[in-house]
Amino acid sequence: TLRDLVAHPWASAISTEEIAEVASALAGSGTVALEALDSFSARGAVEGRAESPWDRLRVIVAAAKGVPVGIVVATTTLFGTRPVGAELAKRLIAVACDSGARRVRIVDALNDVGNLSEIASAVVAAGAELVPTLVIGPTPDPADARWIDEAKAIAAIPGASAICVVDRAGHIRPADLAALIPKIMEASGLP
C-alpha cells in the first residue's frame with residue numbers, strides 16, 4: 001500500500017513525485033495491485049500539501065505501469081467521518097475511476113452486507129474491480145463460525161472478485177489468522 005506513505009500528519013513531507021517513484025519501484029517488483037488512496041491519504045493530500053487527491057491518484061496510476069491501482073473507502077463515510085448519501089458515494093467512486101482507479105476496496109466496520117452492497121453497486125457500475133473487506137476482531141474467537149458466515153455473505157455481493165481480511169487492531173495471533181484465511185477462501189470461493 002502507498003496509503004501509509006501519504007497519511008496525515010506526515011503527508012506534507014512526501015511529494016507526489018516521490019510517491020510516483022515508489023509506485024514505479026513497486027510496480028517493477030511484481031506487485032499485483034497497489035492501494036493509493038483512502039481517507040487518511042486524501043486528507044494528507046488536501047491538508048498537508050494543498051493537492052488534489054485525484055491528481056495524486058492520476059500520477060500514481062501513470063507510474064504504476066499497468067499494475068491496477070485502487071482506493072479504499074468506508075461504506076457510510078467514504079473518505080470522512082460523517083455519513084454521506086448514496087449519490088455522493090456514487091459520484092466519489094465515479095471520479096476515482098475516472099482518475100484511473102481500477103480497484104476499489106470497500107470496508108464496513110460491522111461487516112454490514114447492506115452497507116457494502118450500496119457502495120458495491122457504484123463500483124461495479126464504474127467498471128472497477130470490487131474487493132469487499134471482512135473486518136475481524138478478537139470477539140468472537142477466530143475459530144468461530146461467524147467469520148465464515150460473514151465471509152460467505154460478503155462473497156455473495158454482486159461483483160466481488162476477492163475478499164480482503166483485516167484485523168485492524170492486531171488482536172488475532174498470526175497463527176490463528178493463518179488458519180482462518182484458507183477456510184474463508186474455501187467457504188467464499190474467492191481469493
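This report covers the confidence of the model, the packing of two helices, and the state of two cysteines.

The model is predicted, and its protein chain averages a pLDDT of 89, with 96% of the residues scoring at least 70. Confidence is lowest in helix H2 (residues 39-49), where the mean is 77, and highest in strand E4 (residues 129-135), which reaches 97.

Two packed helices are described by the angle between their axes and the distance between the axes. Helix H4 (residues 86-98) packs with helix H5 (residues 113-126) at an angle of about 35 degrees, and their axes lie 9 Å apart; the crossing of H4 past H5 is right-handed. On the H4 side the contact is made by Ala89, Lys90, Ile93 and Cys97, which meet Ile119, Ala122, Val123 and Ala126 in H5. By class, the residues of this contact comprise seven nonpolar and one charged, with no polar residue among them.

Cys97, one of the H4 residues that meet H5, also enters the question of disulfides, of which the structure holds zero. The sulfur of cysteine 97 has its closest cysteine sulfur in cysteine 164, at 18 Å, and because a disulfide requires sulfur atoms within 2.5 Å, this separation is too far for a bond. Cysteine 164 is likewise in no disulfide, its nearest cysteine sulfur being that of cysteine 97. The accessibility of the two cysteines is set out below.

| Residue | Relative accessibility | Class |
|---|---|---|
| Cysteine 97 | 16% | buried |
| Cysteine 164 | 22% | partly exposed |

Cysteine 97 counts as buried because its relative accessibility of 16% falls under the 20% cut-off, whereas cysteine 164, at 22%, counts as partly exposed.

Methods
Residues are numbered from 1 along each chain as its sequence is written. This is a predicted model: local features need pLDDT of at least 70, side-chain atom pairs count only at pLDDT 80 or more; totals for chains, interfaces and linings use all residues. Side-chain values use heavy atoms; hydrogens and water are left out. Buried means under 20% relative accessible area, exposed over 50%, partly exposed in between (1.4 Å probe, protein chains only). pLDDT is the predictor's confidence in each residue, from 0 to 100. Helices (H or I, at least four residues) and strands (E, at least two) are DSSP runs, numbered from the N terminus. Axes are lines fitted to C-alpha atoms, for helices over the stretch in contact, and angles run from 0 to 180 degrees between N-to-C directions. A crossing is left-handed if the near helix is turned anticlockwise from the far one by less than a right angle, and right-handed if clockwise. Contact means heavy atoms within 4.5 Å. Ala, Val, Leu, Ile, Met, Phe, Trp, Tyr, Cys and Pro count as nonpolar, Asp, Glu, Lys and Arg as charged, and the others, Gly among them, as polar.
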